[in-house]
Amino acid sequence: MKARKNTEKTETKGKKNTRTAIIVGASSGIGRETALRLAARGDTVFNLSRTAAKPPVRTVTADASEEGALTRAVENICKETGGLDLLVYCAGYSCLAPVACARSEDYRYLFEVNYFGAVEALRAAAPFLEKRGGRAVLVGSMGGELPIPYDGFYCASKAALCMLARETDMEWRARGVRVSALLPGGTATGFTDKRTVYSEEESETYFLALRRSGAALANIEQGGMNPSLVADAVIRLAGRRNPPAVAAAGGKNIFVRAVARMMPERVTDWAVRRKFNQR
C-alpha cells in the first residue's frame, strides 16, 4: 500500500499542466512565430483567423471584423479546454490613404479589425483568463505613439489599443488578470505587401506625398525586426509577474519611445516628417 501511494505521488508530480493560448491572427507574421514558440514549449495553441495556420497550431475560422465571430470562437475553445492562460491579439490591417480622401468603408473596416476585434476578444476571454490568472497581450505598434504620414487610421487604431490595454489592466488586475500592449516598430513580414494603398486617382493631389511616405514605410518595415524577435518579446511580456501595461519591443524601439516621450511634440513631428520625406 505504501509503495502504491509513492507511485501515485510520483505520477502526479510528473504530470505537466498544459497551458492554453489563443492567438487572433496566427496564420502569418508575428502571430505565427508566437504560436510556434508557444507550441514548442508544450502549450495548446489555437489560431483565430480567416486563413488556417499550419500544424501544430489548431485553427478555428473567425473573421475579426464580423461581430460575434471571435466571441463564439473563444467560448467554444474555452469550453473544450476548461480555461485560458494567454490571449494574444495580432490581427491587423493597414490602409495608406489621405484622411481627406479615405472612404468610410475602408477606415471603419480597419477599426473593426485593429481595435473593435481586440475589444471583443478581450471581453470574451475575460472570465476564462480570470479562472487561471491568465494574461492578454495586444500587439500594437510604435505608430500608436508616433504618427506615420498617410497611415493615420492605422496609427489612431493602435493608439486606441494602447489605451484599451491600460484601462483593462487597471480593471482586471484585482481579478488576477494582466493586460499589456506590445509596440513593435518596423517588422519584416508580409504585412507590407498586404497593405491597401490608394492610387493616384483615389489620393488626388496628395498622391506624390503619399507615395514618398509609403516607400519610406516599406523600407523601415522590411529592414526592421525579425518577427521571431517580436514573438519572443510577446512571450517574455506575458510571462512577467508584474508586466507594464504598454511596452516597446526591441532595444531601439525602447530607446526611441523613451526619447519621444521626453521631447516636445513639435520636435518629434518634425523628425517624423523628415523620416517619411514630407515637407
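In this predicted model, Ser 213 touches Pro 149, Tyr 150, Phe 276 and Gln 278, when residues up to four places away in sequence are not counted. Ser 213 itself belongs to helix 8, which covers residues 207-222, and because its relative accessibility is 0%, it counts as buried.

From this one residue we can step back to the chain as a whole. The protein chain is built from eleven helices and nine strands, and buried residues make up 49% of its 279 residues. Of the contacts with a separation of 6 or more, 74% are accounted for by residues 24 or more positions apart. For a chain of 279 residues, a compact globule would have a radius of gyration near 19 Å, and the 20 Å found for the protein chain agrees with this. Along the principal axes, the C-alpha atoms fill a box of roughly 85 × 35 × 35 Å. The protein chain exposes about 14700 Å², and carbon and sulfur atoms supply 51% of that area.

Helix 5, residues 152-172, offers a good view of the interior. Its 21 residues should span 30 Å at 1.5 Å a residue, and its end C-alpha atoms are indeed 30 Å apart, so the expected and modelled spans agree. The buried residues of this helix include Phe 153, Tyr 154, Leu 161, Leu 164 and Trp 172, but also Lys 158 and Asp 169. The buried residues of helix 5 pack against two further helices, helix 4 (104-132) and helix 6 (191-194), and against three strands, namely strand 6 (135-139), strand 7 (178-183) and strand 9 (246-248).

Helix 2, residues 29-40, can be read in a similar way. It has twelve residues and reaches 17 Å from its first C-alpha to its last, close to the 16 Å expected at 1.5 Å a residue. Its buried residues are Ile 30, Gly 31, Arg 32, Thr 34, Ala 35, Leu 38 and Ala 39, and what covers them includes strand 1 (20-24), strand 2 (44-49), strand 4 (86-89), strand 6 and helix 9 (227-239). Strand 6 has already appeared as one of the elements against which the buried residues of helix 5 pack. After helix 2 comes Gly 42, whose phi is positive, near 105°.

Helix 2 also carries a salt bridge, one of the 17 that the structure holds. Here Arg 37 is paired with Glu 33, and the closest N and O atoms are 3.0 Å apart. Because the two residues stand four residues apart in helix 2, about one helical turn separates Arg 37 from Glu 33. Arg 37 is partly exposed, with a relative accessible area of 27%, and Glu 33, at 23% relative accessibility, also counts as partly exposed.

Two other salt bridges join parts of the chain that are distant in sequence. In one of them, the side chains of Glu 80 and Arg 58 meet at 3.0 Å, N to O; this pair links Glu 80 in helix 3 (residues 69-81) to Arg 58 in strand 3 (residues 58-61), 22 residues apart. Glu 80 is partly exposed, with a relative accessible area of 49%, and Arg 58 is partly exposed as well, with 40%.

In the other, the side chains of Arg 103 and Glu 202 meet at 2.9 Å, N to O; Arg 103 sits in the loop between strand 5 (95-96) and helix 4, whereas Glu 202 lies in helix 7 (residues 200-203), 99 residues apart from its partner. Both residues count as partly exposed, Arg 103 at 32% relative accessibility and Glu 202 at 27%. This pair does not stand alone, since Arg 103, Glu 105, Asp 106 and Glu 202 are linked in a network of salt bridges.

The last stop is a nonpolar part of the surface. Met 262, Met 263 and Val 267 make a nonpolar surface patch of about 290 Å². Met 262 lies in helix 10, residues 251-262, and because its relative accessibility is 67%, above the 50% cut-off, it counts as exposed. Ser 213, by contrast, counts as buried at 0% relative accessibility.

Technical notes: Residues numbered from 1 in each chain as written. Predicted model: local features only at pLDDT ≥ 70, side-chain atom pairs only at ≥ 80, totals over all residues. Heavy atoms only, no water. Patch = residues over 30% accessible without salt bridge, like charges linked within 9 Å, V, L, I, M, F, W, Y side chains within 5 Å. Areas by Shrake-Rupley, 256 points an atom, 1.4 Å probe, with all protein chains shown as cover. Salt bridge = Lys/Arg side-chain N within 4 Å of Asp/Glu carboxyl O. Buried < 20%, exposed > 50% of the residue type's maximum accessible area, 1.4 Å probe, protein only. Rg over C-alpha atoms; globule rule 2.2 N^0.38 Å. Contact = heavy atoms within 4.5 Å. Expected span 1.5 Å × (residues − 1).
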